[in-house]
2 protein chains.
Amino acid sequence: MKNLTFKQLRYFEALARHGHFRRAAEACGISQPALSMQIKELEEEVGIELFERGARQVRLTGFGEEFAPRVRDILRSVDELGDLARVSRDRLVGRLRIGVIPTVAPYLLPTLLGKLSLLHKGLDIHVRETQTPRLLQELEEGRLDTAIVALPVSEPALTEITLFTESFVLVRPGADEGKPVPDPEAVREMRLLLLEEGHCFRDQALSFCNVDMRAAPPRDFLDASSLSTLVQMVDAGIGVTLIPEMAVPVETRSAGVSIARFREPEPSRTIGMVWRRTSPLAKQLLQISEAVRHATDALRQPRPVPSATAPATTPPTMPSAG
Amino acid sequence: MKNLTFKQLRYFEALARHGHFRRAAEACGISQPALSMQIKELEEEVGIELFERGARQVRLTGFGEEFAPRVRDILRSVDELGDLARVSRDRLVGRLRIGVIPTVAPYLLPTLLGKLSLLHKGLDIHVRETQTPRLLQELEEGRLDTAIVALPVSEPALTEITLFTESFVLVRPGADEGKPVPDPEAVREMRLLLLEEGHCFRDQALSFCNVDMRAAPPRDFLDASSLSTLVQMVDAGIGVTLIPEMAVPVETRSAGVSIARFREPEPSRTIGMVWRRTSPLAKQLLQISEAVRHATDALRQPRPVPSATAPATTPPTMPSAG
DNA sequence: GGTTTTTCATAAGGAAATCTTATCACAATA
DNA sequence: TATTGTGATAAGATTTCCTTATGAAAAACC
């Protein structure tokens, strides 16, 4: 069975159906001798005669009868292989493993997942929510297909594409509403609540306040594990914090806190999508990045943030490593 | 999917398993470039990349992951095709459709079927019991694989092989035990009970009595539909009959009839097996004919038939057409 | 930082397979 | 007996497939 070919099985099937060499050959688009030879070869391969050649008719032998349904099964499976490919050609199919950092995930995913599963019906989406370094590692190990993180990642093995840039806003107790917006140095002197070690957003916030991240934290920072917690801590009067614009609608829904935009240059971060440069999904991932962009556009359309200054024009990018 | 080959699928499987072109190629017994080309061609065929070539590793794409189990399925089916063939190589497999004339069937089949199904485990044996002309027709139409009939059949499209020759014996009432054995002409004058029209054995019996078969039956023959019935009629004192040797043990088991051998030349018939000259089962059928011969040897070993003369040496063959 | 190594892709030529046309052999039919 | 229909065979052309040799890119090493 070493040199069995698909052609032989197709020819076999045709001959079994037509019971006639010339007609079967015609159906296969080859000459009658070619068919004869391939059938003969198949029979040699198998070691048993498959057809009984009568002077007036060709019919399957008993063994051929046993052989035929199996062959048909195989040919059908191969056809299905083709179907699968055809259907998947320009659609993403199967599993899409997407990683998202925690300061983006809760705000982006609800909208994004809906859009994606609508766009790619039957797509099996796996989401991994963790911090950037782990995401990048899993990406490079092939355990993720793409990740949504703050740019730049500066990994030569990865392609990065910008999704959007968003400002950070100050979250302070409701009572502070309307007070002048502090400048970075002033924030540093306030009780600044931050995410725990490892979140890139923590570093971005610190950087904004010109804190040397390698040095010890300037004050008795309280570390929270989510933006939600941070806002609740602000609400409790423990201090102030920064959150990305995208988080505002969700996180200030019912909290007694006030939001203030900074003066220019506003702090901001750029969120992007990355994938292995070698990934054959590039085209589809690009497509997905569009979907993400649309999803976030919708998220950032309503801007209920009272602006203390004119809206920012070209905000500087924050460091994102980590 | 028109030019997909098994090789490509095998190579695909190997590459998916090894994740390494050179090693996979080695496992397939080909050179690395050959593998590269076939994989590339497969990917072109499919229209989607199946592998993601990293600098340090080769791994399946998402689509490849969907593709792989189907491919493995197909390869397994093909292997099973090979297994099926290997197992069937020198064994008869599947269905064996065997036709037997009614004056042989009841005596031969019990032994034969046991032997056959022992010899070819899993063989699906179909038996057709009917008269010679129908058997031959079904044989030629491919609805039977072989038939056991009285020879000769003289059909150029059929191969015939002799199984055995057996004598006919006279069955008469038990009271006639020991009486002189009548010669053919005398039998003609007795009330000779025969099988109904169509049985070759009827013609053979008539022929023995030198009755012209084309003429009207000489006397008020009573036609029975089986040898069993004939013997029971003899037992009832209605007349005498002839039966083949093979039927003696079974048919005279409990009847009050006596058996007498004829003087030489004993009447006899030759039973043989026939099949289409084109049948690829020839080899196996020959094998089966051996089994039949052994089965009948065993049947004819005990000869409880009182012999009126010395045993026959070269009995003349009877006509068998019909 | 440059060199070596590893790995897959590409190129060119040769071997093997597959196909085509032409022809044969056989048997059924007229 | 001649004719027709059928599959098998033969010889040459074509296509596919494989090998060796080489290239390019990235990783590992010194």
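Into which domains is chain A divided? In this predicted model, chain A consists of domain 1, spanning 6–88, and domain 2, spanning 95–300. The C-alpha centres of domain 1 and domain 2 of chain A are 61 Å apart. The sections below treat the contact between the protein chains, the surfaces near the DNA strands, and some local backbone features.

The contact between the two protein chains draws 46 residues from chain A and 46 residues from chain B. The size of an interface is often expressed as the accessible area lost when its parts come together. By this reckoning, chain A and chain B bury about 3700 Å² between them, and carbon and sulfur atoms account for 62% of that area. Three residues, A:F6, A:E52 and A:L81, contribute 16% of the area that chain A buries against chain B, which is more than any other three residues supply.

Polar and charged interactions also join the two chains. Five salt bridges are counted between chain A and chain B. One salt bridge pairs the side chains of A:R70 and B:E80, with an N to O distance of 3.7 Å. Between chain A and chain B there are, in addition, four residue pairs in polar contact, both residues being at pLDDT 80 or more. On the side of chain A that touches chain B, the elements giving two or more residues are α1, α3, β1 (51–53) and α4 (62–88) of chain A. Of these, α4(A) provides the largest share, 16 residues. Classified by residue type, the side of chain A that touches chain B comprises 17 nonpolar, 13 polar and 16 charged residues.

Attention turns next to DNA strand C. This strand is surrounded by 22 residues, of which A:Y11, A:S31, B:P33, B:S36 and B:R53 come nearest. Both protein chains take part in the surrounding surface: α1 (6–18) and α3 (32–46) of chain A, along with α2 (21–28) and α3 (32–46) of chain B, each supply at least two of its residues. The largest share, four residues, belongs to α3(B). In terms of class, the surface near DNA strand C has eight nonpolar, seven polar and seven charged residues.

Which parts of DNA strand C supply the atoms within 4 Å of the protein? Sugar or phosphate accounts for 72% of these atoms, and bases account for the rest. Individual contacts illustrate both kinds of partner. A polar side-chain atom of A:Y11 is placed 2.8 Å from a phosphate oxygen of DNA strand C, and a polar side-chain atom of B:H20 is placed 3.3 Å from a phosphate oxygen of that strand. A base of DNA strand C is approached by B:Q32, whose side chain has an N or O atom 3.0 Å from a base nitrogen.

For DNA strand D, 23 residues form the surroundings, and the closest are A:P33, A:S36, A:R53, B:Y11 and B:S31. The elements that each supply at least two residues of the surface near DNA strand D are α2 (21–28) and α3 of chain A, together with α1 (6–18) and α3 of chain B. This surface divides into eight nonpolar, seven polar and eight charged residues. Of the atoms of DNA strand D within 4 Å of the protein, 75% belong to sugar or phosphate, with the rest belonging to bases.

Phosphate oxygens of DNA strand D are approached from both protein chains. From chain A, a polar side-chain atom of A:H20 lies 3.2 Å from a phosphate oxygen of the strand. From chain B, a polar side-chain atom of B:Y11 lies 2.8 Å from a phosphate oxygen of DNA strand D, and an N or O atom in the side chain of B:Q38 is 3.3 Å from a phosphate oxygen of DNA strand D.

Certain backbone features remain to be described. Most peptide bonds are trans, and most residues other than glycine have a negative phi. In chain A, the peptide bond from A:L151 to A:P152 is cis, with omega near -5°. A:P152 is located in the loop between β5 (146–150) and β6 (158–173) of chain A. The loop between β5 and β6 of chain A also contains A:S154, which is not a glycine yet has a positive phi of about 50°. In chain B, a cis peptide bond with omega of about -5° joins B:E264 and B:P265. B:P265 is situated in the loop between β10 (257–261) and β11 (268–276) of chain B.

How values were computed
Residues are numbered from 1 along each chain as its sequence is written. Chains are lettered from A and ligands numbered from 1 in the order in which they are written. This is a predicted model: local features need pLDDT of at least 70, side-chain atom pairs count only at pLDDT 80 or more; totals for chains, interfaces and linings use all residues. Side-chain values use heavy atoms; hydrogens and water are left out. A residue is near a molecule or strand if one of its heavy atoms lies within 4 Å of it. A polar contact is a pair of N or O atoms within 3.5 Å; within protein, one must be able to donate a hydrogen and the other to accept it, and residues adjacent in sequence count only if both atoms are side-chain atoms. Ala, Val, Leu, Ile, Met, Phe, Trp, Tyr, Cys and Pro count as nonpolar, Asp, Glu, Lys and Arg as charged, and the others, Gly among them, as polar. Contact means heavy atoms within 4.5 Å. Buried area is the accessible area (1.4 Å probe) that two parts lose on being put together, summed over both. A salt bridge is a side-chain nitrogen of Lys or Arg within 4 Å of a carboxyl oxygen of Asp or Glu. Domain bounds come from an automatic or database domain assignment.
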